[in-house]
Amino acid sequence: MAERSTAAVDVADNSGDEPLAAQAVKATADGVDTQNGRAADGRMPEKDAERTPAAPVAAPELHSGHKLARRYRLEECVTRVDGFSSWRAMDEKLRRAVGVHLLPADHPRARSVLAAARSSALLGDPRFVQVLDAVEENDLVYVVHEWLPDATELTALLAAGPLEAHEAYQLVSQVSQAMAAAHREGLAHLRLTPSAILRTSTGQYRIRGLAVNAALRGITSDTPQRADTEAIGALLYAALTQRWPYEDDAYGLTGLPKGVGLIAPDQVRAGVHRGLGELAMRALANDGATASRQEPACTSPEELAKAVAAMPRIRPPEPAFAAPPEYQNTTYQQGSYGRPAAAGSMSVQNITVAAPAPLQSRTGRVLKWGVAALLIAALGLGSWQLADTLLERVNQGSNSDTGPAEPPADDAPAKKDPDKPLPLARASVLTLGGDKIKPEDVDKAIDGDTGTAWITPHYRDYANFGNLPARKDGTGVVVDLGSVQNVTGLDLDLHLAGQKLQVLAAPPEASAPDSLAEFSQVIAKKAVAQKKLQATLENPVRTRYVLVHITELGPEGGDSYRGGISDIKILGHGS
């Protein structure tokens, strides 16, 4: 591709005077590529790409529940920046989740966004996240695309460690072949980052943001094929080493040491597959990888795909299992123990004799009958002892019925009242910043039914409520016991495991506390909890109000986090 191309890239650009809330949001399933709460604009190779700055245009002021074309109901805004916004929405006609990019019809990039979306939709390649609709309506331009809730970003996979050789081979093979097909149709992707690569549960890699994200950001390139090839090389390099092949840190990966330039993957991490490491160097901008090899650099996805196909196929790792020990043949079993073999005769040590079936010999049969007899004897002895014990207890019971009852000892300790669930009068959501979260569902946390729950909305990329400033103190549910009680413990059923929370109590004299500072007594210290949390106090706490304070949400899958409480039980002795 020698012509100028508008390729697909990330769509969030938070440089400039952006609100802090917009910087904190990081979209995943819609193709917006951010890192550390702000757009990842830097350290992706863009030597031949240029960005067209957008005139300041306000993003459409829409809200959750708004419907587009009486079909797409907006549910959650995942980013709002640079004059456009991206949403998770519901297609009410087909009852499926979709992603939506929205921007005003008078946005300087609106025409190019529509054109790019329609070009991407015509490709129809299942290796790319598909564009489903592209519409201009009521002074709005919106693009609807697939939403893959069960797919995992390459960013998340690399956070757990480098990929094994077979998985890295599948990554570079599938991505290079897909991009070669796209370039044959005149489409490019100048921001192939770990956030743009999704791995499905079946092991297929899918690419999102083809053409549309480029138009949203205004990125163009004179050599799009070389730029995409280098980006694929950076992905392979990161998959092999868990390091970003540039000096700056990016996408949760540590960059290379400053001042040393690009170094081979096997010099960064031991045990890297040599063929894949050389392939990554050929794809990156280094004029042919290593000094010891003469292969030319790959300058297009087509050349890279052919280089991958020419490699010896890398097989998946074999499942690990313990092999049974082999039957050992000895010269003693062949009847020649201690006797030298006669000259000219065939050695009998090479003859293989099949091992006899276990317990089929005469000794085995005797052993089986002996074990059976011991078991029968043991069973009879045990039955006799059990009958004797029962008869003895019956005789002792009959004797105690005729004798005088012994008076209770004066110094016998009084029985302690058992802990029991205290009645819960009501529950409410504590406001720690921003609006209350789902106040209409809070009674589900105390209805005694673990099948219902008070559940927070989804938050992306950050467990601390999406790193939103309004949610920096988390949220919580306050339980009113109706009167001051002696609390000795609690029993919580949570909606998801992995939530970080603490349980606090207000002083007995407190009246309708509405701030975190008013809960000064600790029932359970802050920690990451499983789906079941139980706590018992050595000394009862007198209180009327108990707060379950959630500071971090639990992982729901991919880069989504959510929290919730299914049931709350407060244990105590009463007032």
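Start by selecting A168, L171, V172, V175, S176, M179 and H183 in helix α4, together with P224, Q225, D228, I232, L235, L236, A239 and L240 in helix α6: these are the residues through which α4 and α6 meet. By class, this contact holds 11 nonpolar residues, three polar ones and one charged one. As you look around, keep in mind that this is a predicted model.

**The α4 and α6 pair**

Show both helices as cartoons, α4 over residues 165-184 and α6 over residues 224-241. The two pack at an angle of about 170°, and their axes lie 10 Å apart. That angle is over 145°, the cut-off for roughly antiparallel, so α4 counts as roughly antiparallel to α6.

**From α6 across to α8**

Keep α6 on screen and add α8, residues 274-283. Here the packing angle is about 150° and the axes are 7 Å apart. α6 and α8 are therefore roughly antiparallel as well, and their crossing is left-handed. To see who takes part, select R226, T229, E230, G233, L236, Y237 and L240 on the α6 side, then L276, G277, L279, A280, M281 and A283 on the α8 side. Colour them by class and you should find eight nonpolar, three polar and two charged residues.

Two of the α6 residues may look familiar. L236 and L240 take part in the contact with α4, and L236 and L240 also belong to the contact with α8.

**A stop at A238**

Still in α6, centre the view on A238. Is A238 buried or exposed? Its relative accessible area is 0%, so A238 counts as buried. Now select L158, R243, W244 and L253: these are the contacts of A238 once its neighbours within four places in sequence are left aside. For a distance to check in the viewer, pick the C-alpha atoms of A238 and A280, which are 9.4 Å apart although 42 residues separate them along the chain. A280 is one of the α8 residues in the contact with α6.

**Inside α8**

Next, colour α8 by accessibility. How many of its 10 residues are buried? Eight are, which leaves the helix mostly covered. Select L276, G277, E278, L279, A280, M281, R282 and A283 to see the buried set. Which elements do these buried residues pack against? They pack against α4, α6, α7 (265-268) and α9.

**On to α9**

Bring in α9, residues 301-310, which packs with α8 at an angle of about 165°, the axes being 11 Å apart. α8 and α9 are therefore roughly antiparallel to each other. Their crossing is right-handed, whereas the crossing of α6 and α8 is left-handed. For the contact itself, select L279, R282 and A283 in α8 and L304, A307 and V308 in α9. Five of these residues are nonpolar, none is polar and one is charged. L279 and A283 from α8 are in this contact with α9, and L279 and A283 also appear in the contact with α6.

**Two backbone oddities**

Leave the helices and go to R70, in the loop between β4 (67-68) and β5 (72-81). R70 is not a glycine, yet it has a positive phi of about 55°. Its relative accessibility is 80%, so R70 counts as exposed.

Then follow β5 to the loop between β5 and β6 (84-91), where D82 sits. D82 also has a positive phi of about 55° without being a glycine. With 22% relative accessibility, D82 counts as partly exposed.

**A residue in a strand**

Now jump to Q502, in strand β21, residues 499-505. The relative accessible area of Q502 is 16%, so Q502 counts as buried. Select A524, K525, K526, L547, V548 and H549 to show what Q502 contacts beyond its neighbours within four places in sequence.

**Zooming out**

Finally, show the whole protein. Its secondary structure comes to 10 helices and 26 strands. Of its 575 residues, 47% count as buried. Switch on the surface: the protein exposes about 29,700 Å², and carbon and sulfur atoms supply 53% of that area. Among contacts with a separation of 6 or more, 71% come from residues 24 or more positions apart.

Key:
Residues are numbered from 1 along each chain as its sequence is written. This is a predicted model: local features need pLDDT of at least 70, side-chain atom pairs count only at pLDDT 80 or more; totals for chains, interfaces and linings use all residues. Side-chain values use heavy atoms; hydrogens and water are left out. Axes are lines fitted to C-alpha atoms, for helices over the stretch in contact, and angles run from 0 to 180 degrees between N-to-C directions. Helices (H or I, at least four residues) and strands (E, at least two) are DSSP runs, numbered from the N terminus. Angles under 35 degrees count as roughly parallel, over 145 as roughly antiparallel, 65 to 115 as roughly perpendicular and the rest as oblique. A crossing is left-handed if the near helix is turned anticlockwise from the far one by less than a right angle, and right-handed if clockwise. Contact means heavy atoms within 4.5 Å. Ala, Val, Leu, Ile, Met, Phe, Trp, Tyr, Cys and Pro count as nonpolar, Asp, Glu, Lys and Arg as charged, and the others, Gly among them, as polar. Buried means under 20% relative accessible area, exposed over 50%, partly exposed in between (1.4 Å probe, protein chains only). Accessible areas come from the Shrake-Rupley method with a 1.4 Å probe; for residues, only the protein chains shown count as cover.
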